[in-house]
Amino acid sequence: MKQRGGRPAVLSLDRILAAAVEVVDAEGAEALTMRRLGAQLGVAPMSLYRHVPNRDALLAAVVNRLFSEVEPALAQSWSETLYGFAAAYRRMLLAHPRAVPLLATHPVDVELGMRLVSGLLDQFAAAGVTREEGLTAVQSVGVYVLGHALAQVGPHGPTAPTEFYDTWFDTGLRAMITGFSAVHR
């Protein structure tokens, strides 16, 4: 992918992150180095440092990029919206199975996370649920989704049919939401 002659490739953070996600999807987060990313983009690894200070910052940006793919839609109630958020989060994780361990070990930016769930938190507030209680529910469901995705993708891929994981996920998620609903009546 090296360019020959002429103008050098124009780098942007968006282009770097898109390539980084490609590397993670293909080879896993452990393969994402500045050298590997430079090769993916056809640029010298040192040129990446103008956009990201180090590998840790790159990994954090990849986590945020992936998490921003989760698009929770507002439903009629907080419980339906929370279910929809969980389902959207799971879809993103399963679309990027080699990134799941990265998402499990690198937290999403708090500001980004709050923006993504602000509508859901507003629904909790409208139902008389405090912000702290709403955040606890969202975080608990988020951890459930992430743990479930880790179990499903495993180090060597799924060990059971997809339908098994779908049923297990749905049953557990509905039980959690039912529990939160009972607490917040």
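Select helix α8, residues 162-183, in this predicted model. At 1.5 Å a residue, its 22 residues should span 32 Å, and the C-alpha atoms at its two ends are 32 Å apart, so expectation and model agree. Now show the side of α8 that is hidden from solvent: Tyr165, Phe169, Gly172, Leu173, Ile177, Phe180 and Ser181 are its buried residues. Add α4 and α7 to the view, since both are among what covers these positions.

Stay on α8 and pick Tyr165 and Trp168. The two lie 3 residues apart in the helix, which means a separation of about one helical turn. How buried or exposed is each of them? Tyr165 has 3% relative accessibility and therefore counts as buried. Trp168 has a relative accessible area of 40%, so this residue is partly exposed.

**Aromatic pairs**

Next, display the rings of Phe, Tyr and Trp across the model. A search of the whole structure gives 7 aromatic pairs. Select Tyr144 and Phe169: the ring centres are 5.7 Å apart and the planes meet at 20°; because planes under 30 degrees apart count as stacked, this pair is stacked. Tyr144 sits in helix α7 and Phe169 in helix α8, so the pair joins distant parts of the chain, 25 residues apart. Both Tyr144 and Phe169 are buried. Compare the rings of Tyr165 and Trp168, which make a tilted pair with 5.9 Å from centre to centre and 35° between the planes. Then select Phe67, Phe85 and Tyr89, which together form one aromatic cluster.

**The largest pocket**

Keep Phe67 selected and turn to the largest pocket, with a volume of about 510 Å³. Its lining has 21 residues, and those closest to the centre are Phe67, Pro107, Val108, Gly113 and Gln139. To see where the walls come from, colour α3 (55-67), α4 (78-95), α5 (100-105), α6 (110-126) and α7 (131-153), the elements that each give two or more residues to the lining of this pocket. Which element gives the largest share of the lining of the largest pocket? That element is α7, with 6 residues. Coloured by class, the lining of the largest pocket shows 15 nonpolar, 5 polar and 1 charged residues.

**The second largest pocket**

Move to the second largest pocket, where the volume is about 220 Å³. Centre the view on Gly28, Pro97, Arg98, Pro101 and Gly154, which lie nearest the centre of this pocket among its 13 lining residues. Here α5 and α7 are the elements that give two or more residues to the lining. The largest share of the lining of the second largest pocket, 3 residues, belongs to α5. By class, this lining divides into 7 nonpolar, 3 polar and 3 charged residues.

**Back to α1**

From Gly28, step back along the chain to α1, the helix that Gly28 follows. The phi of Gly28 is positive, near 95°. Helix α1 covers residues 13-27; at 1.5 Å a residue, its 15 residues should span 21 Å, and its end C-alpha atoms are 21 Å apart, so the two figures agree. Select Ile16, Leu17, Ala19, Ala20, Val21, Val23 and Val24: these residues of α1 are buried. Finish by showing α2 (34-41) and α3, which are included in what covers the buried residues of α1.

Technical notes. Residues are numbered from 1 along each chain as its sequence is written. This is a predicted model: local features need pLDDT of at least 70, side-chain atom pairs count only at pLDDT 80 or more; totals for chains, interfaces and linings use all residues. Side-chain values use heavy atoms; hydrogens and water are left out. On a 1 Å grid over the protein atoms alone, a cavity is a set of points where a 1.4 Å probe fits but cannot get out, and a pocket is an open set with protein on both sides within 12 Å along at least five of seven lines; lining residues have an atom within 4 Å of a point. Grid points are joined across faces, edges and corners, and a volume is the space filled by probe spheres set on the points. Helices (H or I, at least four residues) and strands (E, at least two) are DSSP runs, numbered from the N terminus. Ala, Val, Leu, Ile, Met, Phe, Trp, Tyr, Cys and Pro count as nonpolar, Asp, Glu, Lys and Arg as charged, and the others, Gly among them, as polar. The expected span of a helix is 1.5 Å times one less than its number of residues. Buried means under 20% relative accessible area, exposed over 50%, partly exposed in between (1.4 Å probe, protein chains only). Contact means heavy atoms within 4.5 Å. Rings of Phe, Tyr and Trp (its six-membered ring) pair if their centres lie within 6.5 Å; planes under 30 degrees apart count as stacked, over 60 as edge-to-face and the rest as tilted.
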